[in-house]
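User: I have a model open and want to go through a few spots in it. Can you take my questions as they come?

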Amino acid sequence: MPHLIPSEPLWPDDSGAERAVWQALVEQLPDEAVLFHGLRLQDGPYEHEIDLLVAWPGFGMAAIEVKGGHVTHDGDGWHQASREGSRHRIDPVRQVQGARHALQNLLRERGLAAGYARAAHLVALPFQYLPPEWDALDLPRPMAVDRADLERTYGVAERVRSAIAQFGDGLSPLEDGGLAALTDLVEARLMPAVDAVAAAAAHEVRLEQLTQDQRSILDLLRHQRRVRIVGAAGSGKTWLALEQARRRARAGDRVGLLCYSRGLGHYLQRVVSGWPPKDRPAYVGLFHDLAVAWGAPEPPAGATMEARSAYYETDLPEALGHLGEQRPPADLFDSVVVDEAQDFGEVWWPALTRCLRDPDDGGLFVFMDDDQALFPRDGRPPIALPPFVLEENLRSTRQIAQTFGALTATRVQPRGLDGAPVRVVDVPHTDAVDAADDAVVALLEEGWDPGHVALLTTGSRHPEQRNTIEVAGYDEYWSDFFAATDVFYGHVLNFKGLERSVVVLTINGFQNTERARSMLYTGMSRAKSLLVVVGPRAEIERIGGEGVRRRLKKAEPWNASLS
């Protein structure tokens, strides 16, 4: 999806024409393009407005004038019929042509390369069909968008690209640098640090409501006993998993709500503890802890690393399956809900279904994102129906969602507001932790609440994390996280399913280079309002590929030690 300015346009009340063309371009333009709405220009004493402006790297710019209602053209010029039936003269071509020239002049006066890029203008009539053979001297057919273009896949985007190529006035294609300067000029950001903190709070309240609106998905799937819901990071899967567990418990089911990650398990338990007793699942926690609670042996003392791995990967899951067969029906579950199900191994699923009162048809509701598969497991839940796919990101600002969205082939539609640019601190792996510590100090000086900041590493643990766990233990470590009174120090692996307003993602190496891309994706997607990436930029772009490279071009280089 292209970058949108503004992120949520204010539409005219009298027509859906602009909205229709805008939506088509949102769906059809590539990620690297920028789509502007209602661009007002002051060219000396003259005022202009461009309904829609497409800025497309590698091609150029296109100003689009949109006219709703019924538009005609004859020897007397252009006319538009009103809702009341009256007919009045208009001149959409002169209007958009003048605005396009004004934009080019203003950009050239400011010395911006975009002013010399190819630029064309088009007129869009989204509510009527134009004959293919129609042609006017002031508006050749290829420069007119009609209803048929909106109905064709990529029809509007192709019309725009063709118009730029065939009629564009300029010396060269629009380059990335020229687009960035154009975007900066239009946005003209005025956002002091304190205002950025306030904007983040408003953004997060809005996204919380959007997440809760997801309950309609469960209404749609209420008659299914086995469902797999797949969604990109931040699409509301954990909220849905909790809500599904609550609904099944309220309906009288004995419910198990499980996950693999310790941090997420603490979060699920914390949320459920505040529900009325009739809404609470019978078991909430880790898959492995259920086996131990039912009588499976603890890991052998002094076991080798290989033996401990076998214990957790196969021995304990198989033990759970055997225990499930031996438990009385009163201890088994009518329904099981699994969050972050991509973490589960192949032998875990047969063991889990044997914990159901009806192993073949008992309720099984799984929520997963294969792009967050950080462990070498390939288990597939036993669900025959195709997955229900969530495509909207409901956690992060548009800048953050588009950055981590470039790391996945899954379509990610940001629903968040515009926010602060992603910040990048370009340092070697070996200096990443020290630079990240400097970044945290600078963020606190800007006014960010310490309890809203998390520093996450990708390689070895941060010394603060190791010290807290060694001194206080895991329970106290996670209690500190949920208390949200100080900066949290964690690792991407133990932060899955969790989030913070500000995330300082510290690229200090990778324990498994084959999963480096998933590590970046998971770590970046934990941030709601501000993402700071600390590490070797060239290496991050190499892992992320062209999409990440383009996104990081829009990021803000940051030297936190000088802030």
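User: Which residues in H15 meet which in H16?

Analyst: This is a predicted model. On the H15 side the residues are Gln465, Thr468, Ile469 and Ala472, and they meet Tyr474, Glu476, Tyr477 and Asp480 of H16.

User: And how does that contact divide by class?

Analyst: The contact of H15 with H16 has four nonpolar, two polar and two charged residues.

User: At what angle do H15 and H16 pack?

Analyst: The angle is about 125 degrees, and the axes are 7 Å apart. H15 covers residues 463–472, and H16 covers 474–483. At that angle the two helices are oblique to each other, because it lies between the 115 degree limit for roughly perpendicular and the 145 degree limit for roughly antiparallel.

User: Switching to pockets. What volume does the largest one have?

Analyst: The largest pocket has a volume of about 1200 Å³. It is lined by 35 residues, and those closest to its centre are Tyr260, Arg262, Tyr312, Phe375 and Arg377.

User: Which helix gives the largest share of that lining?

Analyst: H11, with seven residues. H9, H10 and H16 each supply at least two.

User: What's the class split of the lining?

Analyst: The lining has 16 nonpolar, 11 polar and eight charged residues.

User: Back to H11, then. Is Leu320 buried or exposed?

Analyst: Leu320, which is in H11, is buried, with a relative accessible area of 0%.

User: What does Leu320 touch?

Analyst: Leaving aside residues up to four places away in sequence, Leu320 touches Phe287, Leu290, Ala291, Trp294 and Cys355.

Note on methods. Residues numbered from 1 in each chain as written. Predicted model: local features only at pLDDT ≥ 70, side-chain atom pairs only at ≥ 80, totals over all residues. Heavy atoms only, no water. Helix = DSSP H or I, 4+ residues; strand = E, 2+ residues; numbered from the N terminus. Buried < 20%, exposed > 50% of the residue type's maximum accessible area, 1.4 Å probe, protein only. Contact = heavy atoms within 4.5 Å. 1 Å grid on protein atoms, 1.4 Å probe; cavity = no way out; pocket = protein on both sides within 12 Å on 5 of 7 lines; lining within 4 Å. Points joined across faces, edges and corners; volume = space filled by probe spheres on them. Nonpolar A, V, L, I, M, F, W, Y, C, P; charged D, E, K, R; others polar. Axes fitted to C-alpha atoms, helices over the stretch in contact; angles between N-to-C directions. Parallel < 35°, antiparallel > 145°, perpendicular 65-115°, else oblique.
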